[in-house]
Number of protein chains: 4
Amino acid sequence: MAIQVSVVGSGTEHEANAETVGLLLAERGATVVTGGLGEVMAAASRGAKSAGGTTIGILPGETRAAANEWLDHVVVTGIGHGRNLAVVASGDAVIAVGGRYGTLAEIGFALTLGRPVVVLEPGWAVDGAQRAQTPAEAVEFALAAARHTGVT
Amino acid sequence: MAIQVSVVGSGTEHEANAETVGLLLAERGATVVTGGLGEVMAAASRGAKSAGGTTIGILPGETRAAANEWLDHVVVTGIGHGRNLAVVASGDAVIAVGGRYGTLAEIGFALTLGRPVVVLEPGWAVDGAQRAQTPAEAVEFALAAARHTGVT
Amino acid sequence: MAIQVSVVGSGTEHEANAETVGLLLAERGATVVTGGLGEVMAAASRGAKSAGGTTIGILPGETRAAANEWLDHVVVTGIGHGRNLAVVASGDAVIAVGGRYGTLAEIGFALTLGRPVVVLEPGWAVDGAQRAQTPAEAVEFALAAARHTGVT
Amino acid sequence: MAIQVSVVGSGTEHEANAETVGLLLAERGATVVTGGLGEVMAAASRGAKSAGGTTIGILPGETRAAANEWLDHVVVTGIGHGRNLAVVASGDAVIAVGGRYGTLAEIGFALTLGRPVVVLEPGWAVDGAQRAQTPAEAVEFALAAARHTGVT
C-alpha cells in the first residue's frame, strides 16, 4: 500500500497552495485523501492527478453527486461532517491548507488519533501541529512524520 | 423542551469548574448534555444532579458500561469519536471547560454548525468562541447566546 | 437510570400500534427512545407522553427542526442514517413496529450489538428477533428480555 | 471513475464464492469496495487482486491494523459499525455473500439509499434485493443494475 496523506482545508485563496501540495505528494508516491468536495479538496486532487498520482475523496453526502472531478475513488459516507473523522484517520499524516471550523475539527481529530499534522502557513495555530512555510516544506514534514510514527 | 447546553472538555484540574457549570445550568433550568464519560463530563453531570437538574450522556462505545453515574439518560452511539459531533449538535449552546484535542474537534464542529461556543478560561483560544472568566459568566453567556440565536 | 426501550419503524398504518407500545412502556416506567421524526416515531413518543413517560429522540439532521413535538430530550447527531446505530444501541431492548429498509438496518444493528429485538406483527421476519402479536405482548417481551440479558 | 461495487458479507464457508465475485468484478473493470476485514471481505479483495483489479477497504476502527492484505486503498473511519453505511453507499451496486446481522444492516441501508442489492444464494431474503444463484450471475446482475440506475 502507498502512503496516504490527507489534505484538509478550504478557501479559494488557498487553492494554489493546495494544488502544489497535491502535486508534490503524488510525485513522492503518496496517495492524496481529501473530503472530496471543492476548493482546497479539489485543488489538492487536481494537483495530484496532474502528476499522475492517485486520489481518494471521502464525501459527506449520500451520493457521489458533489464529488469533484479529480477523484479516482470515492467513498460516500452518508454521515455529514462526521466524515471529517474518516478523512484524517485515513491519512498516515495530515496537511491543513487554509480552512475554517471544519478544518479545526479535523486537526483536533487527527491529533486525538495520533496522526501527525502539518499546518501550511497561514492557518490554524494548534499546539501539537507542525507549521510549514511552503507547500514543499509541508509535504516534506508530512512524509517524514508519516514514516517516523508509522501510526497506521 | 428545556434548553440543552453541552458541556465539553477534559482534565481533572478542571473538574471543579465543570461541576459549578453543571450546577448553575441546572439551576437555570437547562438540561446538561455531555459525552457521558469521566472528568469534566462526569463533574458537569454531578453538578447538575446536585441541583436537581437533568443530564444526558452521549457515549462513544457500544454499551453503557463506561457511563458515569450522574446521567439520567444515556445515548449509546457506537461511533467512537464521531459522537463528538452529536454532543455539540445537541446543545443550544456549548461550554468548553479545559480539554485537549477532542475538545478542539468539538469546538470546531460546534462553530461549523453555528452553535454558540463559550470557552471557560483557561482553554482553547478560537476565533468565533466567546471567552468567560468564571463558571457563572460561562453559563450566562451560553444561555444568552442560546436564546438569541435560537439555532435549533 | 430507567430502562430504555427503543421503538423503531415507519408507516402511518402502524401508528396506532406504536402509540399503544409507547403508552405501555411509559406505564411500566421505561424511557422511550426513537429516531425522533414522524409516523411510528412520533406515535410511540406521543403514547409515552400520554402516560406521563419520558421520551428521547435521536435525530439524523444537524438541527432540531424535524423533531416531533412529543420529545423531552433531543439528540441531534448530524450523521444521517448513521444515527440508526445509536437509536438501537441506546435501547436495553428494541421494538420494531412496521417499518421498511431503515428499520431492517436497525434490526440488523440491534442484533449485531446483542440487543433483544421484538418485531410486532406484521413486520420484518428476521431470525433472532422475537415476534409479538399485540403491543402488550411486544412490551412484555421487550421488558423481560431487557431485564434478562442486562446487555448494557 | 471506474464503477464501484461493494461486496458485503461474512462466514468462512462463503469465501470461495466471495473470491470468485471479486475476481469477476475485477475482470469487468469494477473496483471492489468492502469493509476491509477478514472472511468474505478479504476473499473478495483477494479475488479482485488476482485479476489485477483495484480494491478499497472501509475499516471500522481507528487504525489500519485490522485491514486485510489485499487492499490498495484503506479508509479508516473510526465509527465502528457505523461504517457499514459508508460501505454500501460507496457502491454503485452491492453484492451480499453470506453474512449475518451486520450484513442485514448493510442490505437495509443499501436499499434505503436506493443502491441495487444482489444476494448470492444462500443468503438473506429481503424484498427489494435481487437473488443470484452463482457468483457470475451476481456480478452480472450487479453491473447491469449499476449501469441502469446510475444511482450515483
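Across the interface of chain D and chain C, 4 residue pairs are in polar contact, each with both partners at pLDDT 80 or more. That confidence filter matters here, since you are looking at a predicted model. Salt bridges are absent from this boundary: the rule finds 0 of them between chain D and chain C. On the side of chain D that touches chain C, the elements giving two or more residues are α3 (83-89) and α4 (101-112) of chain D. Of these, α4(D) provides the largest share, 8 residues. Sorted by class, this side of chain D holds 10 nonpolar, 7 polar and 1 charged residues.

Now turn to the extent of that interface. Here 18 residues of chain D are in contact with 18 residues of chain C. Together the two chains bury about 1,400 Å², and 79% of that area lies on carbon and sulfur atoms. If you would like three residues to pick out on the chain D side, try H81(D), Y101(D) and F109(D), which supply 39% of the area that chain D buries against chain C, more than any other three residues.

Let us move on to the other partner of chain C. Chain B and chain C each bring 27 residues to their contact. The area buried between chain B and chain C is about 2,200 Å², with carbon and sulfur atoms giving 57% of it. On the chain B side, M1(B), R64(B) and H73(B) lose the most area to chain C, and together they make up 27% of what that side buries.

What of the charged and polar pairings across this boundary? The rule finds 2 salt bridges between chain B and chain C. R64(B) is worth a second look, as its side chain meets that of D92(C) in a salt bridge, at 3.1 Å from N to O. In addition, 9 residue pairs are in polar contact across the interface of chain B and chain C, both residues of each pair being at pLDDT 80 or more. The elements giving two or more residues to the chain B side are β3 (55-59), β4 (73-76) and α3 (83-89) of chain B. Of these, β4(B) gives the most, with 4 residues. By class, the chain B side divides into 13 nonpolar, 9 polar and 5 charged residues.

With the interfaces in view, step inside chain D and follow two of its helices. The axes of α1 (residues 15-27) and α2 (residues 40-50) of chain D come within 6 Å and cross at roughly 40 degrees. This crossing of α1(D) and α2(D) is right-handed. From α1(D), the contact draws on E15(D), A18(D), E19(D), G22(D), L23(D) and A26(D), while α2(D) contributes V40(D), A43(D), A44(D), R46(D), G47(D), A48(D) and S50(D). In terms of class, the contact between the two helices has 7 nonpolar, 3 polar and 3 charged residues.

Finally, visit chain A for a salt bridge within a chain. Over all chains, the count by this rule comes to 20 salt bridges. One of them joins D72(A) to K49(A), with the closest N and O atoms 2.9 Å apart. This pair links distant parts of the chain, 23 residues apart: D72(A) sits in the loop between β3 (55-59) and β4 (73-76) of chain A, and K49(A) belongs to helix α2 (residues 40-50) of chain A.

Technical notes
Residues are numbered from 1 along each chain as its sequence is written. Chains are lettered from A and ligands numbered from 1 in the order in which they are written. This is a predicted model: local features need pLDDT of at least 70, side-chain atom pairs count only at pLDDT 80 or more; totals for chains, interfaces and linings use all residues. Side-chain values use heavy atoms; hydrogens and water are left out. Contact means heavy atoms within 4.5 Å. Buried area is the accessible area (1.4 Å probe) that two parts lose on being put together, summed over both. A salt bridge is a side-chain nitrogen of Lys or Arg within 4 Å of a carboxyl oxygen of Asp or Glu. A polar contact is a pair of N or O atoms within 3.5 Å; within protein, one must be able to donate a hydrogen and the other to accept it, and residues adjacent in sequence count only if both atoms are side-chain atoms. Ala, Val, Leu, Ile, Met, Phe, Trp, Tyr, Cys and Pro count as nonpolar, Asp, Glu, Lys and Arg as charged, and the others, Gly among them, as polar. Axes are lines fitted to C-alpha atoms, for helices over the stretch in contact, and angles run from 0 to 180 degrees between N-to-C directions. A crossing is left-handed if the near helix is turned anticlockwise from the far one by less than a right angle, and right-handed if clockwise.
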